[in-house]
Amino acid sequence: MTIAPEEKKALVPDGYVRLTIDGREVDAPKGELLIRTCERLGIIVPRFCDHPLLDPAGACRQCLVEVEMGGRPMPKPQASCTMTVADGMVVKTQHTSPVADKAQQGVMELLLINHPLDCPICDKGGECPLQNQAMAHGRTDSRFVDVKRTFPKPLPISTQVLLDRERCVLCQRCTRFSEQIAGDPFIDLLERGAHQQIGVAQDKPFQSYFSGNTIQICPVGALTSAQYRFRSRPFDLVSTMGVDEHTASGAALRIDTRRGVVLRRLSGNDPEVNEEWIDDKSRFAFRYLTSKGRITRPMVRGADGQLAETSWTEALRVAAEGLLAARAGGIGVLTGGRLTVEDAYAYAKFARVAAGTNDVDFRARPHSDEELDFLASHVVGTGPEHLSYSRLEAAPAVLCVALEPEEEAPVVFLRLRKAALKTAQKVFHLGQWSTPAVLRTAVELGSAEPAARDNLIPAVPGAEAAVLADLPAHVVEALTGGGVILVGERAAEVPGLYSAVAALGARTGAAVGWVPRRAGDRGALDAGAVPNLLPGGRLVTDAAARAEVESAWGLAEGTLPTARGRDTDEILAAAAMGDIAALVVGGLDPNDLADPAAALAGLREIGFLVSLELHTSAVTELADVVLPVAPDAHRSGSYLNWEGRRREFGAALEAGGVLPDCRVLDTLAVEMDVDLFTQTPAAAAGELARLGSGNAAAPAAPALAPSEPLRPGFGQAVLASWRQLIDDASLAIDEPALAGTARPAVVRINAATAERLGLAEGADATVRTERGSITLPVALADLPDGVVWLPGKSGESQVRTVLGAGHGDLVGVTA
Amino acid sequence: MFEFFKGFGVTFSTMFKKVVTEEYPENFPPAAPRYHGRHQLNRHPDGLEKCVGCELCAWACPADAIYVEGGDNTEEARFSPGERFGAIYQINYLRCIGCGLCIEACPTRSLTMTNFYEMADDNRQDLIYTKEQLLAPLLPGMEQPPHPMRLGESEQDYYVQGPTLARANPKTDPVGEQVK
Ligand code: SF4
Ligand code: SF4
Ligand code: SF4
Ligand code: FES
């Protein structure tokens, strides 16, 4: 007979330590912060400065707890947000230790000494950590009788962010965010002692694309949003989770509405995607919902040539009749970048089934055939398992091609910067000059010496493909073995660039990711709103794939068109020539296309034009029938972000009389005697999911020879250009506070070229083509010789519309 | 016969008692001093509104009868001292239960209750009182906002030493006059 051995304690797993918190034993991974371990146990220690995504600072001292090490109590209470766990530690929080409780009350009292009694007029009131924690852990009354420190208020630190210095508890969350996450430290601690305060340099306003995040993480109402100031209280708001519709990041949003009006948007918390950060455009640009130009009633152009409001029945009848009459002559379908997957699917199906054509294209921007081949071979059907934010973060090296991450994919930029900072990821940029994004993703951070930064791979616009084919050895080496290549949609502007990216990917084994600028582009590709692909990435030229789709759609065999359709430019050119009889256009801005004048000519010449739009636009002005559609706040649906991750969202507001594109198209198709079965986004999504993706092997990658850059003649330069994040985008209208933080439009050129062309820094320069000219002040930058840079669509600088030229074209430059 | 008078006993005895019937509406009997009647949005002595649009009254209200939207005071159009004022203010008297919790919640003593109780109507719309209806009348010395701060430099002056400043500036001391 044996005696049962004494019950043995479970072993501490490897890499863990065992400690006691409030009398409970717990195993915690080595290096974990005490405050996190407490959280896991459900013990909430009050805190202000601690933020899980920022480095510990220990600035506010609110999180004091009593700690015993090796049986000896530490002489003073310790800040649990800076102390890591250790074996045998005994921790007592305010729940079990009067010492910790008293210490916390003392800190709270000190914090409140100079805190104004602003709660009734403070935007944070009702959702304020200081308010809540003062109630939970503070003293019930104040012993302070002197006069509080006051500052004139509020101090606008940018057009978007207002600072009330007397409310600040100096937790430094805002400064740490600017420094560690965004990398643009415009905001800092000034002065010392009782006068310590947050401030900005006199001549430099807080001009950051990410400033809105500081408002959200400020634990008091010291940083408030100019746009939301005094608009409401937390208990008035109804929150819905949304998805960013301005960029392809798929960032999670929290949309707060009051009485049918969106009042503010906050960043949602999605560790897989945007963590807790979003850019300011995604946060602040939403008043397009209520702007004056919103269309809410259908309109039909009458005999007098004027658009007049009418009933849905009438408008749909006129549209259907016009389209039916035009069917023999050909119908083209053009969409823009604002479509959800479901809406894009409806357009794709409408084109195939109701219009009987493959002439459908979502690319409302410069595009190429090479791009179609690249998308078919490398992008369509891929998901986060192929390339995701976390894979991107873990990669040892990343190369950005035709992508200015901060301007075109800000959330991706934050990940790149995080990786550059935390894991010394090498982020190379194939571009023209050391943009803020290039500087802030350099490993040698803070070094002003260009020699210390080797992460810009300069290329004359047009020569990118050639440079890519002949990359410096260290870049190729870094990319080999787990590297990532991110290519932007602007690659379509350089012939051969997509081919070069594909070749480089094959050569180095680096994962290739396509990062479009707009939210709807990736979804439109997978939903088949392209001339060469059916939904699910099936090639239109593949008979088996067509048969699959035909049977799923209940069509007779052989009804789907067999040839690759025309792209946006070709469709519009055909419209101008009269080769196409009608167009259905959804959310396209002709000024974003390579040649806006030609696009407008096409829209003007077309026999019959149906426009599905949010706002009056260049297209609705020419349309025969205008059908209003629902913006995101009024519809549900999903976007595919650049990773190919499906990001679903629900409607934040009631429909309010507007319908999503898929419903409008469904009804229009019914009028044309065809069934799309896309009455609701859910129905469309269900059908798309049932269709799945084709199983044919991916087609071959494009293999175009690299193009030669143009050689500037006398008084000429090669134009480089891309859009800035905050510019004249159609969904950023009516946001003066946001527009105030846009980067100024300037002409960038290097010193030698400027001298040759007779330009001086700060003085005006004129960039011209035979179409028009743009005059803006000169800013010197490290561009290659003979290259001039202009922002794509910022104020004066409407490159495509005014110059009719784009990236890689020759322009004249004069003083 | 006696039975007859006995039956009317209560009636006759009541004839000689004091009448308790209120002759309403011919007479308008005042309510008890602390009666919870119609609300009033008070003013500072110079006519600026006391309400800062903080919505605390709306928050406190158990019947969800109050609707407030805040607004920004600008240099051109100032309705209250300080930065914030109540831009929209409504009380729905179909919902209000007269509990007075809103009065207790108000941090500026803007909201108080009057003794006025004649609030009946034949439609719902008219029982939602708007800010114009709820604002206290302009007493002598008061000026219809928007106008600049007359009593001091900042809202602190109004809150900390309002009455003193008002007395120092007799033009705007209607309160003092009333007390006299
Ligand atoms: S402004 Fe807010 S986030 Fe910044 S230090 Fe002050 S309290 Fe902290
Ligand atoms: S008296 Fe009571 S019920 Fe009426 S508004 Fe005030 S808080 Fe609401
Ligand atoms: S009446 Fe008082 S509680 Fe109500 S919003 Fe105005 S100041 Fe705030
Ligand atoms: S939260 Fe620990 S010191 Fe601020």
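**Close-up views of a predicted model**

**View 1. The lining of the largest pocket draws on chain B.** In this predicted model, helix α6 of chain B, residues 155-168, contributes the most to the lining of the largest pocket, giving four residues. The space within the largest pocket is about 860 Å³. Its lining comprises 30 residues, and those closest to the centre are Leu117(A), Asp118(A), Glu155(B), Gln156(B) and Tyr159(B). By class, the lining of the largest pocket holds 13 nonpolar, seven polar and ten charged residues.

**View 2. Seven strands of chain A form an open sheet.** The strand order in this sheet of chain A is β16-β15-β28-β27-β26-β17-β18, and the pairing is mixed. Strands β16 (307-309) and β18 (360-361) of chain A occupy the edges; each has a single partner strand, so one side of each lacks a neighbour in the sheet.

**View 3. Strand β17 of chain A pairs with β18(A), and a helix lies across both.** Strand β17 of chain A, residues 331-335, runs parallel to β18(A) and is joined to it by two bridges. Leu334(A) has Asp361(A), in β18(A), as its bridge partner. Helix α8 of chain A, residues 341-354, lies across β17, β18, β26 (582-586) and β27 (608-613) of chain A. The helix runs at about 170° to β17(A).

**View 4. Ligand 1 is surrounded by 13 residues.** The nearest of these residues are Cys168(A), Cys171(A), Gln172(A), Cys174(A) and Cys218(A). The shell around ligand 1 consists of eleven nonpolar, one polar and one charged residues.

**View 5. Ligand 3 is surrounded by 13 residues.** Those that come nearest to ligand 3 are Cys51(B), Cys54(B), Glu55(B), Cys57(B) and Cys106(B). In the shell around ligand 3, nine residues are nonpolar, three are polar and one is charged.

**View 6. The largest cavity has a volume of about 300 Å³.** Of the 21 residues lining the largest cavity, Pro366(A), Glu493(A), Asp592(A), Arg723(A) and Arg800(A) are the closest to its centre. Two or more lining residues come from each of β31 (716-722) and α26 (799-803) of chain A. Helix α26(A) supplies the largest share of this lining, with three residues. The lining of the largest cavity divides into three nonpolar, seven polar and eleven charged residues. In total, the structure contains eleven cavities of 30 Å³ or more.

Definitions and conventions
Residues are numbered from 1 along each chain as its sequence is written. Chains are lettered from A and ligands numbered from 1 in the order in which they are written. This is a predicted model: local features need pLDDT of at least 70, side-chain atom pairs count only at pLDDT 80 or more; totals for chains, interfaces and linings use all residues. Side-chain values use heavy atoms; hydrogens and water are left out. On a 1 Å grid over the protein atoms alone, a cavity is a set of points where a 1.4 Å probe fits but cannot get out, and a pocket is an open set with protein on both sides within 12 Å along at least five of seven lines; lining residues have an atom within 4 Å of a point. Grid points are joined across faces, edges and corners, and a volume is the space filled by probe spheres set on the points. Ala, Val, Leu, Ile, Met, Phe, Trp, Tyr, Cys and Pro count as nonpolar, Asp, Glu, Lys and Arg as charged, and the others, Gly among them, as polar. Two strands pair if DSSP finds at least two bridges between them. Contact means heavy atoms within 4.5 Å. Axes are lines fitted to C-alpha atoms, for helices over the stretch in contact, and angles run from 0 to 180 degrees between N-to-C directions. A residue is near a molecule or strand if one of its heavy atoms lies within 4 Å of it.
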